[in-house]
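I opened this entry to record what I looked up, residue by residue and then sheet by sheet. The structure goes in here, and my notes follow.

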Amino acid sequence: VEAVTNISSLDMALTLVAPPNAVSGQSVSYILDYRNESSKDLSDLKIKFTFPDGFTPTKFTPVPSGGSNWQVRMVKPGEGDRIMVEGVLRGSEKESKPVAVALQRIVDGVEIDYQKASTVTIISTPPLATEVSINNQPVTYAAKLGEALNYQIKFTNNSEGDLAGLTVTAKLEGAMFDFNSVR
């Protein structure tokens with residue numbers, strides 16, 4: 001006699017947090033909190049992240065067991081943990097960047113999705129844009145020895161409100177500059 005049992009979910013709470021907005025090239029953090037809300041130990045679990053296009057991870061806490069997957073051997077009733085992933089997110093303005101996580105259980109060597117969570121970060125415009133030029137050329141300009149350099153810093157308020165109390169600072173570094181000639 002064979003019987004089939006369907007398990008539709010586990011009593012594991014998943015809370016996935018991401019910044020609602022980010023500027024392209026900005027560092028972002030994804031945080032997943034999980035907690036066993038059942039009265040039984042939960043074991044043989046796998047947590048699998050799916051990161052958005054344009055996301056480059058730089059730090060994992062804890063380190064994944066492989067790629068963007070975390071093996072969870074055992075979670076006792078009432079206990080849980082946190083996974084944090086930091087990285088750089090790039091994209092076009094107003095582009096949606098979804099991140100998702102799936103809680104999987106390994107049954108007879110097969111990974112089965114039991115629960116999922118997802119959220120979205122929207123790429124926004126930076127409130128203040130800056131552009132630096134040297135002798136009316138881009139910053140990739142190659143100067144000649146003894147040449148006078150004229151640096152220009154242009155800044156633009158991209159926000160809808162006034163920006164007050166800002167300070168623009170430039171710092172020249174390196175042994176090649178004649179600091180006595182700075183005006």
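I started with Leu14: buried or exposed? Leu14 has a relative accessible area of 18%. The cut-off for buried is under 20%, so Leu14 counts as buried. I keep in mind that this is a predicted model.

Next I placed Leu14 in the chain. Leu14 lies in strand β1. I then listed what Leu14 touches, setting aside neighbours within four places in sequence. Leu14 is in contact with Leu32, Asp33 and Tyr34, with Leu103, and with Gln115, Lys116 and Ala117. I also checked one pair by C-alpha distance. Leu14 and Ala117 are 103 residues apart in sequence, and their C-alpha atoms are 6.7 Å apart in space.

Tyr34 was on that list, and I followed it. Leaving out neighbours within four places in sequence, Tyr34 is in contact with Met12, Ala13 and Leu14. Its other contacts of this kind include Ile47, Val72 and Val75, as well as Glu79, Gly80, Asp81, Arg82 and Ile83.

Then I looked up the largest nonpolar core. This core has 26 residues. Tyr34 is among the residues with the most contacts inside it, together with Met12, Tyr30, Leu32, Ile47, Phe49 and Ile83. Which elements give two or more residues to this core? I noted β1 (12-17), β3 (26-36), β4 (42-50), β6 (69-75), β7 (80-89), β8 (96-107) and β9 (110-124).

A polar residue came next. Asn36 has its place in strand β3. Asn36 has 1% relative accessibility, so I count Asn36 as buried. What does the side chain of Asn36 reach? I found the backbone oxygen of Val75 at 2.8 Å. Beyond neighbours within four places in sequence, Asn36 is in contact with Asp11 and Met12, with Asp41 and Leu42, and with Val75, Lys76, Pro77, Gly78 and Glu79.

I turned to the sheets. One open sheet is formed by five strands in the order β2-β9-β8-β4-β6, with mixed pairing. Its edge strands are β2 (21-23) and β6, each pairing on one side only. Neighbouring strands of this sheet are turned by 30° against each other on average, with direction ignored. Inside the sheet I checked β8 and β9. They run antiparallel and are joined by 12 bridges. I looked at one position there: Ile106 stands opposite Glu111 in β9.

Another open sheet has three strands in the order β11-β10-β12, and its pairing is antiparallel. β11 (137-138) and β12 (151-157) each have a single partner strand, so one side of each is left without a neighbour in the sheet. How many bridges join β10 to β12? I noted seven between strand β10 (residues 128-134) and β12, which run antiparallel. Ser133 has Gln152 in β12 as its bridge partner.

Last, I took the whole chain. Its secondary structure comes to zero helices and 12 strands. Buried residues make up 26% of the 183 residues. Among contacts with a separation of 6 or more, 67% come from residues 24 or more positions apart. I compared the radius of gyration with the globule rule. The chain has 25 Å, whereas a compact globule of 183 residues would have a value near 16 Å. Along its principal axes, the C-alpha trace spans about 90 × 40 × 25 Å.

Definitions and conventions. Residues are numbered from 1 along each chain as its sequence is written. This is a predicted model: local features need pLDDT of at least 70, side-chain atom pairs count only at pLDDT 80 or more; totals for chains, interfaces and linings use all residues. Side-chain values use heavy atoms; hydrogens and water are left out. A nonpolar core is a set of buried Ala, Val, Leu, Ile, Met, Phe, Trp, Tyr and Cys residues joined through side-chain atoms within 4.5 Å. Buried means under 20% relative accessible area, exposed over 50%, partly exposed in between (1.4 Å probe, protein chains only). Helices (H or I, at least four residues) and strands (E, at least two) are DSSP runs, numbered from the N terminus. Contact means heavy atoms within 4.5 Å. A polar contact is a pair of N or O atoms within 3.5 Å; within protein, one must be able to donate a hydrogen and the other to accept it, and residues adjacent in sequence count only if both atoms are side-chain atoms. Two strands pair if DSSP finds at least two bridges between them. Axes are lines fitted to C-alpha atoms, for helices over the stretch in contact, and angles run from 0 to 180 degrees between N-to-C directions. The radius of gyration is taken over C-alpha atoms; the globule rule is 2.2 Å times the number of residues to the power 0.38.
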